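The exercises below ask you to work from single side chains towards the packing of the helices around them. Please try each task on the displayed model before reading its solution.

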Amino acid sequence: MTDTTRIDALLATLNTADVGSLDTIAEKMGQVQEDLESLGQAELAGAASEALGALRRGDVAEFRRGRAFLQSKIGHLR
């Protein structure tokens, strides 16, 4: 899988990370974090971890900000 394909997959995952149970959304964010780490994007993986932490704390506004930040930054990786 090319990096561009992986980036597209990450964006698709983030776009669906507001539908489903909290566990499902948390799994998606965890996958995004792992994929970013495998792409060598440690800073963005950290941002995904922070968004996941916000979700687990119930801080929905911070989670949404984190997700939007990731969508923006990952989009620029293309």
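**Exercise 1.** Decide whether Arg67 is buried or exposed in this predicted model, and establish which residues outside its immediate sequence neighbourhood it is in contact with.

*Solution.* Begin with the position of the residue: Arg67 belongs to helix α4, which runs over residues 60–75. Its relative accessible area is 13%, and because the cut-off for burial is under 20%, Arg67 counts as buried. Next, set aside the neighbours within four places in sequence, and the contacts of Arg67 that remain are Leu14, Ala17, Asp18 and Ala51. Two of these partners can then be examined in terms of polar atoms. For Ala17, the backbone oxygen lies 3.3 Å from a polar atom of the Arg67 side chain. For Asp18, there is a salt bridge with Arg67, in which the closest N and O atoms are 3.9 Å apart.

**Exercise 2.** Find how many salt bridges the model contains, and describe for each pair where its two residues lie.

*Solution.* With a limit of 4 Å between the side-chain nitrogen and the carboxyl oxygen, the count comes to two salt bridges. One of them joins Asp18 to Arg67, and this pair links distant parts of the chain, since Asp18 sits in the loop between α1 and α2 while Arg67 is in helix α4, 49 residues apart. The accessibilities of the two partners can be set side by side: Asp18 is partly exposed, with a relative accessible area of 46%, whereas Arg67 is buried at 13%. The other salt bridge is formed by the side chains of Arg65 and Glu62, with an N to O distance of 3.1 Å. Here both residues lie in helix α4, three residues apart, which is about one turn of the helix. Glu62, at 33% relative accessibility, counts as partly exposed.

**Exercise 3.** Work out which elements build the largest nonpolar core, and place Phe63 within that picture.

*Solution.* The largest nonpolar core has 22 residues, and those with the most contacts inside it are Met29, Leu36, Phe63, Leu70 and Ile74. The elements that give two or more residues to this core are α1 (3–15), α2 (22–38), α3 (42–57) and α4, and the largest share, eight residues, comes from α3. In soluble globular proteins, nonpolar side chains tend to be buried together. Turning to Phe63, its place is in helix α4, and at 4% relative accessibility it counts as buried. Leaving aside neighbours within four places in sequence, Phe63 is in contact with Ala17, Ile25, Met29, Ala51, Ala54 and Leu55. By contrast, the C-alpha atoms of Phe63 and Leu39, 24 residues apart along the chain, are separated by 22 Å.

**Exercise 4.** Characterise helix α3 by its span, its buried residues and the confidence of its prediction.

*Solution.* Take the geometry to begin with: α3 has 16 residues and reaches 22 Å from its first C-alpha to its last, close to the 22 Å expected at 1.5 Å a residue. The buried residues of α3 are Leu44, Ala45, Ala47, Ala48, Ala51, Leu52, Ala54 and Leu55, and what covers them includes α2 and α4. After the helix comes Gly58, whose phi is positive, near 85 degrees. For confidence, the protein has a mean pLDDT of 95, with 100% of its residues reaching 70 or more. Among its elements α3 has the highest mean pLDDT (97), and α1 the lowest (93).

Conventions: Residues are numbered from 1 along each chain as its sequence is written. This is a predicted model: local features need pLDDT of at least 70, side-chain atom pairs count only at pLDDT 80 or more; totals for chains, interfaces and linings use all residues. Side-chain values use heavy atoms; hydrogens and water are left out. Helices (H or I, at least four residues) and strands (E, at least two) are DSSP runs, numbered from the N terminus. Buried means under 20% relative accessible area, exposed over 50%, partly exposed in between (1.4 Å probe, protein chains only). A polar contact is a pair of N or O atoms within 3.5 Å; within protein, one must be able to donate a hydrogen and the other to accept it, and residues adjacent in sequence count only if both atoms are side-chain atoms. Contact means heavy atoms within 4.5 Å. A nonpolar core is a set of buried Ala, Val, Leu, Ile, Met, Phe, Trp, Tyr and Cys residues joined through side-chain atoms within 4.5 Å. The expected span of a helix is 1.5 Å times one less than its number of residues. pLDDT is the predictor's confidence in each residue, from 0 to 100.
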